[in-house]
Amino acid sequence: MAELKKRLAKLLYEKSYKEGDFTLASGKKSDYYFDCRQTALHPEGAWLIGNLFYELISGLENAAEIKGVGGMTLGADPLVSSTSVISFEKGGHLPALIVRKQPKGHGTGQGVEGLANFEDGDVVVMLEDVVTTGGSVITAIERIEASGLKVSCVCAVLDRDEGGREALAERGYNLVSIFNRKELVELATS
């Protein structure tokens with residue numbers, strides 16, 4: 001997995017990591033911006049992310065009880081899709097869930113897509129591209145749990161180390177990330 005992680009770091013650094021002056025979704029100012037979608041929508045990037053997330057999930061203490069992966073649209077769409085496909089490729093079974101920003105205004109009015117692949121009480125892992133304050137993933141967790149599922153933990157591509165881990169821990173969720181900023185830059189530039 002170390003080789004896959006290094007390959008992903010290089011691709012993320014090339015396509016998704018920008019230095020400058022940015023305002024994040026949380027409203028915080030930052031000297032870098034991480035747009036994971038650019039890498040997650042790249043064929044190699046999607047494959048690498050799916051494989052690394054699958055390995056993270058497989059290594060969790062409660063891996064045997066995890067029935068799927070979910071995340072907030074739009075950033076998590078390619079993450080949950082690639083992880084679900086890789087799980088199938090590796091003989092596992094992790095269907096994907098996508099949390100809408102707003103429930104559908106027609107039809108069933110669902111706020112979470114993919115629920116037909118789950119039963120009430122099933123345990124899922126939330127996937128996130130970037131965790132800063134944890135706000136968006138906490139919203140997604142609330143909607144998933146309101147749908148009758150249980151969230152085990154959160155797996156992120158990048159933990160910005162800016163309070164998200166602590167905000168999740170306060171609510172009883174662990175954050176497992178593939179990278180933090182320092183590790184990403186070091187692996188990508190070595």
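Helices (H or I, at least four residues) and strands (E, at least two) are DSSP runs, numbered from the N terminus. This is a predicted model: local features need pLDDT of at least 70, side-chain atom pairs count only at pLDDT 80 or more, and totals for chains, interfaces and linings use all residues. Residues are numbered from 1 along each chain as its sequence is written, and side-chain values use heavy atoms, without hydrogens and water.

**Largest pocket**
- A pocket is an open set of points on a 1 Å grid over the protein atoms alone, where a 1.4 Å probe fits, with protein on both sides within 12 Å along at least five of seven lines.
- The largest pocket has a volume (the space filled by probe spheres set on the points) of about 540 Å³.
- Its lining (residues with an atom within 4 Å of a point) has 25 residues; closest to the centre are Ala 25, Glu 128, Asp 129, Val 130 and Ser 136.
- Strand E2 (29-34), strand E6 (123-131) and helix H5 (135-146) each give at least two lining residues.
- E6 supplies the largest share, four residues.

**Aromatic contacts**
- The whole structure holds three aromatic pairs (Phe, Tyr or Trp rings, the six-membered one for Trp, with centres within 6.5 Å).
- Tyr 13 and Tyr 17 are stacked (planes under 30 degrees apart), at 5.2 Å centre to centre and 20 degrees between the planes.
- Tyr 13, Tyr 17 and Tyr 32 make up one aromatic cluster.
- Tyr 17 is buried (under 20% relative accessible area), at 6%.
- Tyr 13 is partly exposed (from 20% to 50%), at 30%.

How values were computed: Phe/Tyr/Trp six-rings, centres within 6.5 Å; stacked < 30°, edge-to-face > 60°. Buried < 20%, exposed > 50% of the residue type's maximum accessible area, 1.4 Å probe, protein only.
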